[in-house]
Amino acid sequence: MSRLGIFVDRKTLSSAEQLTALIHCRDVAEAMGHSVEFIFPVDIHRIPQMDALFIRARTDPMNVTYVAARMASFHDIPVIDDPRSIRVCSDKINMYCQLMKKGVSIPRTIFLSRHELSPEKAEELFGELGRPLVIKEPSTSFSLRVEKVQDTAEFMRVSRRFSKLSDWIVVQQFVESQYDWRIGVLGGELLYACKYTIPTTTFKIQASVNGHVVYCDVLSVPPEEIPPDVLDLGLEAGNAIGNGLYGVDIKKADGHACVIEVNDNPSLESGEDAHYPLVYRKIVGHLLGA
Amino acid sequence: MGTRKDPPLVKDQTYMVRREGVTHVVSENYSYKSDTYYTILSQEMKGVAIAPTSQSVLDAGVVPICLEKARLAGIRVCEWGISHSYVPFPALLYGINYFATSSDYHPVAGPDETKAAIKHVTNCGKYPFCYQGLGDGDYIHRVHSVFGRVTTEDPGLSRLAGEIYDLFGIPLQTLVVRERAGEYAFSSLAPCRYSALSRDEKTLLHAYIERQEFL
């Protein structure tokens with residue numbers, strides 16, 4: 001019997017869906033003959049006593065989840081998400097660099113230093129990448145700090161705001177679609193697939209519209225219904241990042257699929273895995289052996 | 001130290017020192033998502049051997065990671081814990097979050113100042129924080145390290161600076177060190193402004209940057 005630590009924080013537990021998913025994960029691990037302990041930030045010194053660690057809290061290289069991941073790696077304990085995956089996926093600049101290096105299809109993307117920000121540069125980028133453009137602050141998650149801009153004034157306003165949080169920002173070609181594919185990848189293999197339907201009031205999977213948070217709809221898609229090019233691209237993108245657990249977001253427009261982003265710590269509590277009952281069994285097996 | 005007048009170190013400027021196939025990046029600010037961080041990252045993507053690495057920079061910037069990495073390398077470090085509210089004072093407090101910097105540490109000795117410091121380092125309770133217990137008579141040193149060298153003649157601090165540089169590879173940094181009964185324990189690594197360097201430290205840094213010398 002092995003000991004699985006599930007790292008959580010207060011925010012994780014504040015969501016009923018997350019809590020239900022965590023309890024399901026614990027039940028699966030226990031049914032596989034392992035013991036499970038929830039590890040909170042104050043218990044981080046207990047990580048070396050675990051045989052594996054599964055992080056279920058918002059990851060960022062500057063927060064306590066990265067401490068947990070690094071503690072596990074210091075002590076050679078298998079961990080999802082591993083520190084490298086957190087470093088890469090939490091930072092869109094790093095993530096797109098990895099995808100570009102491996103030749104993975106992404107929208108046309110340029111990194112812009114705050115020293116280069118100018119109306120002239122904005123015009124140049126509209127000319128090069130088209131109109132509208134998407135601007136991303138590199139540590140965006142859940143579509144926060146992702147804005148679509150139509151003109152130079154808007155470009156400058158959004159870029160200046162994001163440049164207060166990061167010296168470099170991402171400027172990207174806008175790809176229109178009704179939904180995003182999400183391909184869940186574990187250890188280089190398909191774990192699950194679903195569609196996130198973009199609300200008509202926005203272009204993101206989550207947005208604040210007139211003061212109300214608007215969420216996308218989630219539709220789990222069985223393996224036989226995943227378009228082969230989307231599946232291949234999802235696996236290719238996951239492998240470009242590492243050997244861990246990833247949620248690859250893909251848009252398909254004009255018959256061409258491209259990766260919008262690769263997420264570590266992908267959501268599993270909103271029905272993404274409805275057609276994939278073995279998701280947690282596979283995750284636990286990946287960490288501890290079947 | 002040299003007696004010639006060195007040119008000024010320019011605020012926010014990043015300098016590159018190339019030696020034996022490695023590019024050493026000298027900066028006042030190695031923090032996550034800074035120009036220096038992305039310069040390091042872009043060089044790594046090109047396969048350039050660079051110091052510090054992007055991983056080292058992040059390890060150095062998050063206090064519990066920095067201390068665990070040092071401890072595993074055999075360096076004496078301050079004992080630490082993570083908390084949302086509890087602190088066995090007196091103690092040093094550090095934030096662990098997106099907005100925290102290791103140069104912003106808070107020595108606390110009583111409940112009122114502890115409460116105020118916790119509110120600050122946790123962004124009003126949103127995040128956990130790191131504490132390090134202090135004892136009566138403990139002294140906190142801040143020492144500038146230039147390529148692992150310090151201008152103090154204290155052998156304990158000199159050795160510690162060398163060990164920390166060997167581990168993290170960060171050419172310019174401030175070591176925060178606790179002294180207790182003549183023994184040193186490493187507390188954190190913080191950025192170092194060029195303007196904060198003494199004349200001797202600036203001269204030392206110039207020797208590395210301009211003359212590309214490793215002394």
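How much area do chain B and chain A bury between them? In this predicted model, the answer comes to about 2,900 Å², with 64% of it on carbon and sulfur atoms. A good slice of chain B's share traces back to B:Tyr32, B:Tyr38 and B:Met45, which supply 22% of the area that chain B buries against chain A, more than any other three residues. Counted by residue, the contact draws 34 from chain A and 30 from chain B. On the charged side, there are two salt bridges between the chains. One of them pairs B:Lys33 with A:Glu137, whose closest N and O atoms sit 2.6 Å apart.

Next up is helix H2 of chain B, residues 54–61. Six of its eight residues are buried, so this helix is largely enclosed by the rest of the structure. The buried set is B:Ser54, B:Ser56, B:Val57, B:Leu58, B:Asp59 and B:Ala60. Both chains help to cover these residues: the cover includes helices H3 (64–74) and H4 (83–89) from chain A. From chain B, it includes helices H1 (35–45), H3 (63–72) and H5 (155–168), along with strand S10 (183–190).

As for internal voids, the structure has one cavity of 30 Å³ or more. The largest cavity holds about 50 Å³ of space. Its lining takes A:Met62 from chain A, while chain B provides B:Gly61, B:Val62, B:Val63, B:Gly95, B:Ile96, B:Asn97, B:Ala100, B:Thr101 and B:Ser102. By type, the lining splits into five nonpolar and five polar residues, with no charged ones.

Terms used
Residues are numbered from 1 along each chain as its sequence is written. Chains are lettered from A and ligands numbered from 1 in the order in which they are written. This is a predicted model: local features need pLDDT of at least 70, side-chain atom pairs count only at pLDDT 80 or more; totals for chains, interfaces and linings use all residues. Side-chain values use heavy atoms; hydrogens and water are left out. Buried means under 20% relative accessible area, exposed over 50%, partly exposed in between (1.4 Å probe, protein chains only). Helices (H or I, at least four residues) and strands (E, at least two) are DSSP runs, numbered from the N terminus. Contact means heavy atoms within 4.5 Å. On a 1 Å grid over the protein atoms alone, a cavity is a set of points where a 1.4 Å probe fits but cannot get out, and a pocket is an open set with protein on both sides within 12 Å along at least five of seven lines; lining residues have an atom within 4 Å of a point. Grid points are joined across faces, edges and corners, and a volume is the space filled by probe spheres set on the points. Ala, Val, Leu, Ile, Met, Phe, Trp, Tyr, Cys and Pro count as nonpolar, Asp, Glu, Lys and Arg as charged, and the others, Gly among them, as polar. Buried area is the accessible area (1.4 Å probe) that two parts lose on being put together, summed over both. A salt bridge is a side-chain nitrogen of Lys or Arg within 4 Å of a carboxyl oxygen of Asp or Glu.
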